[in-house]
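Here's a quick briefing to read alongside the model. Have the viewer open and follow along, one topic at a time.

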Amino acid sequence: GGGGSADVDEGPTPLPVRQMIVLTVVVFSEPMNLVILFPFVVFMVEGFGVAKNEEQVGFYVGIIASSFAVAQFLSSMPWGWLSDRVGRKPILLSGLLGSAIAMLVFGLSTSYYMAIAARVCAGLLNGNIGVAKSSLGEITDKTNQSKAFSVFGFVFGLGFIVGPFLGGVLSNPAEKYSFMDVGFFRSYPYFLPCLVSACVSLFGFVAGLFLLEETLVKEEEAEEVFSGEHESVTAGAGEVAGKGASKATESDTVGGVPGSSGKRLSYGSAGVSARSSGGPKLTMWGLLKHPPFMTSAMCYALVGFVTIMFDELFSIWAASSGSDGGLDFSEDSIGLALSSGGVALLVSQLLLFPPVNKAAGPRRTYQIGSFLLVLMYLAFPQVSHVHNKGVGSPYVWAILIVLFSVRSFANACVFTCSFLLINNSVEPRNLGTANGVGQMLAAGARAGGPFLAGALFSWSLSTDLGWPIDYQFTFMVCACGCVVMFLLVFVLPRWIDRPFSLSEAERVPIGRDVEPV
């Protein structure tokens, strides 16, 4: 109709349900595949017989846990680059299928080096998280971006919680559950949790085949539409007018303009994913020279580094004897402890994070989470004193649940805000490459986390230097990482708190001088 300027509903754009289902499976499976081994990897390495004594176990565990992230570091950028050329859907589907196969091989590992090879393959085939975030950025706008990324943050954090729980409960089933006391599970005691993880990825693959729509719009197609060659607008999608933005229909799209080929052009945080005219399509090197993006990516990388380092550290520390400052935990107890913040994560991500982020913005919310993490990582090793005084297991568990619950809220803040900051730092045409580079940097940081945790903890036990160079030392390193996270945000400019729009893309070109706040 006429008068295209006014008749747009000011309510939030509905999220595309079918797209969100597949993308959330992708985001859930990546951290789950990463951490599902933590409750049992110490015992797995002991079974391989590569460590000569207990002090060396942490070193070998760190290597096997880091191999996934090292491989992901090498593959994330190529996957992101390729998704900008061939589309998001084929990359997401291939990643899900490859991850499933690699997890099955890991569960069947009979030697230390076979396990490392399986984890390397899993990392090489799993560059999906960056591509999924790019796709999400393309199907959201400023009215629903915070909500969509809050869901992403929740599911991402849930993967870190469900993974250890399944790894602890399902490992070594032949000894835990009489009906599973069969020869296969005695030969492969850690296959069952890997099988469940693989099934989640396979579910995402099958769902993606039928439900996932391509969100990347080739530039020539977008130019055709907006040059006036295609003027029809989907029913109920609102008016395109001259803005390149519309409201979603009640179906599974976030507004779209069908071309003559029937392909749907999705509207995202900048109108149309391929239409941003404020700057060039950047290479990886161009992004590395873009300060707002690099700072945002470093914020995300540090989150990944500290999180994975602590998860690995907790597993090694909790399995250690009380005389070494540990908790004498079994794999079941380790898995349950790492998962104990699950309810808090649900409440934090869906009820607490959105209003906090709306009031404070992504930068300040990230700092709130960083500050809380500093306090939590300094508090965790103090639980050992309670354990060694013999006051009773219920008191130890009560303290751990409180600490993990606060950590869940803090992680909800830093993870979700990391996603938002990266997506808001670049124009939509650069989302795939940007999230690929961001994921590459995060994977590189995570590669060092488990190894550093294992090496530092083993070293601290082998010295007689006393506090602070004792079992608490590695926890202090985690806390120092969070201090750096807190300080880094001060470099970011104000405009990064909101999504790009077309006008901002023209007003804030790539390479602009950063004005810290």
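Let's start with N430, which sits in the loop between α17 (393-424) and α18 (431-462). Keep in mind that this is a predicted model. From that loop we'll move on to the aromatic rings, and then out to the surface.

**The loop residue N430**
- N430 comes out at 0% relative accessibility, so this loop residue counts as buried, the cut-off being under 20%.
- Pick S134 as well: its C-alpha is 8.9 Å from that of N430, even though 296 residues separate the two in sequence.

**Aromatic pairs around W317**
- How many aromatic pairs does the structure hold? The count is 24.
- One of them is F314 with W317, an edge-to-face pair with 5.6 Å centre to centre and 65° between the planes.
- Those two residues are 3 apart in helix α13 (residues 291-319), or about one turn of the helix.
- Are F314 and W317 buried or exposed? Both of them are buried.
- W317 also pairs with F475, again edge-to-face, this time at 5.1 Å between centres with the planes 80° apart.
- That second pair ties together parts 158 residues apart in sequence, because W317 belongs to helix α13 while F475 belongs to helix α19 (residues 473-488).
- W317 has 0% relative accessibility, so it counts as buried.
- F475 is at 1% relative accessibility, and therefore counts as buried too.
- Zoom out a little and you'll find a cluster linked by ring pairs: F310, F314, W317, Y377, F380, F404 and F475.

**A charge over a ring**
- What lies over the face of F106? That's R119, at 5.4 Å from the ring centre.

**The nonpolar surface patch**
- On the surface there's a nonpolar patch of about 580 Å², made by L97, I101, V105, L108, M114, V182, F184 and L202.
- Which helix gives the most to this patch? Helix α4 (residues 88-107) does, with 3 residues.
- L97, one of the patch residues, lies in helix α4.
- The relative accessible area of L97 is 33%, so this residue is partly exposed: the value falls between the 20% limit for buried and the 50% limit for exposed.

Definitions and conventions. Residues numbered from 1 in each chain as written. Predicted model: local features only at pLDDT ≥ 70, side-chain atom pairs only at ≥ 80, totals over all residues. Heavy atoms only, no water. Phe/Tyr/Trp six-rings, centres within 6.5 Å; stacked < 30°, edge-to-face > 60°. Helix = DSSP H or I, 4+ residues; strand = E, 2+ residues; numbered from the N terminus. Buried < 20%, exposed > 50% of the residue type's maximum accessible area, 1.4 Å probe, protein only. Lys NZ or Arg CZ within 6 Å of the ring centre and 35° of its normal. Patch = residues over 30% accessible without salt bridge, like charges linked within 9 Å, V, L, I, M, F, W, Y side chains within 5 Å. Areas by Shrake-Rupley, 256 points an atom, 1.4 Å probe, with all protein chains shown as cover. Salt bridge = Lys/Arg side-chain N within 4 Å of Asp/Glu carboxyl O.
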